[in-house]
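This report goes through some backbone features of one chain and the surroundings of one ligand. Look at the structure first, then read on.

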Amino acid sequence: MPTFWKHVNEVLREADIIIEVLDARFIEETRNREIEYKVRSNGKQILYVLNKCDLVNIEELKEKSKELQPSVFISSKEKLGTTILKKKILQLSHGERVTVGVLGYPNVGKSSLINALSGRGSARTSSESGFTKGLQKVRVDSKIMLIDTPGVFPKEEKDIAKFGKTSAISSGKIKDPEYVAMRIIEEEKERIKKHFKIEEDDPEEILEKIAIIFKKVRKGKELDLDAAARLFLKQWQEGEIK
Ligand SMILES: Nc1nc2c(ncn2[C@@H]2O[C@H](COP(=O)(O)OP(=O)(O)OP(=O)(O)O)[C@@H](O)[C@H]2O)c(=O)[nH]1
Ligand SMILES: [Mg+2]
């Protein structure tokens, strides 16, 4: 059995409630229905936590997340929504002591969320995906205990472009940055055109314009699309392209 399933099983045994952390920018892409199914089959409730809400428009987020119940929006970075989240956890546990397993895709902010709730830097975080290796328990207060976990992928997931888009694979580790950048440009074209003030419509031409903006040019004045794509992915993953 892959290690992540071992972790999921262990968390399911120990936890009373499961938090599935989702990236507020990519709710669908970061949901893991296979794990949700497994959690529910074990009779445990899921609380959806939409993290990184500092990077999205809250009104749009409300609209998009209507179906996700119960759910809470937070920004671990800005420490927004943490009190509401604690209240929600205690509401689900009927005010009893509770152990909460924190699951989710790599890099969605599981460890950051745990730190924001506990008010300490107990769970180590990193912009590199796959940072947390084992399970770690962190006490929030006398009632709430959290379990940090490594990021989990669904079994069949092979879509490298999606991993690049959601930061599940860090920009520096993406093998074909041009392909991934072009896929993101295709899917998020209007935002990206607006951000870089580009008129072109074809993803390849857009990437070329971005290379010019980034001044990624090789000696013979030829554009260095590989370098441009890598920088684009880095900025994208760091939330600079809003
Ligand atoms: N803007 C923003 N960035 C965040 C937020 N929460 C986490 N991050 C950033 O997202 C990156 C990943 O955070 P982690 O907490 O390490 O994510 P994780 O889910 O524990 O990652 P793994 O352990 O690798 O699975 C870091 O660069 C964080 O600074 C947030 O609310 N807003
Ligand atoms: Mg982590």
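## An exposed residue with positive phi

H94 counts as exposed because it has 7 C-beta neighbours inside 10 Å, and a residue is exposed if that number is 12 or fewer. The model behind this count is a predicted one.

The backbone at H94 has a positive phi of about 55 degrees, although H94 is not a glycine. H94 sits in the loop between α5 (82–92) and β4 (98–104).

## A buried residue with positive phi

N107 also has a positive phi, near 70 degrees, and is a residue other than glycine. The loop that holds N107 runs between β4 and α6 (110–118).

Is N107 buried or exposed? N107 is buried because 26 other C-beta atoms lie within 10 Å, and the cut-off for a buried residue is 20 or more.

## A cis peptide bond

Which peptide bond is cis, with omega near -10 degrees? It is the bond from Q69 to P70. P70 is placed in the loop between α4 (58–64) and β3 (71–73).

## The shell around ligand 1

Ligand 1 is surrounded by 25 residues. The closest are G109, S111, S112, T132 and G151. Helix α6 gives the largest share of this shell, with 3 residues.

How many residues of each class does the shell around ligand 1 have? There are 16 polar, 5 nonpolar and 4 charged residues. Glycine is counted among the polar residues in this grouping.

How values were computed
Residues numbered from 1 in each chain as written. Chains lettered and ligands numbered in written order. Predicted model: local features only at pLDDT ≥ 70, side-chain atom pairs only at ≥ 80, totals over all residues. Helix = DSSP H or I, 4+ residues; strand = E, 2+ residues; numbered from the N terminus. Near = placed C-beta within 6 Å.
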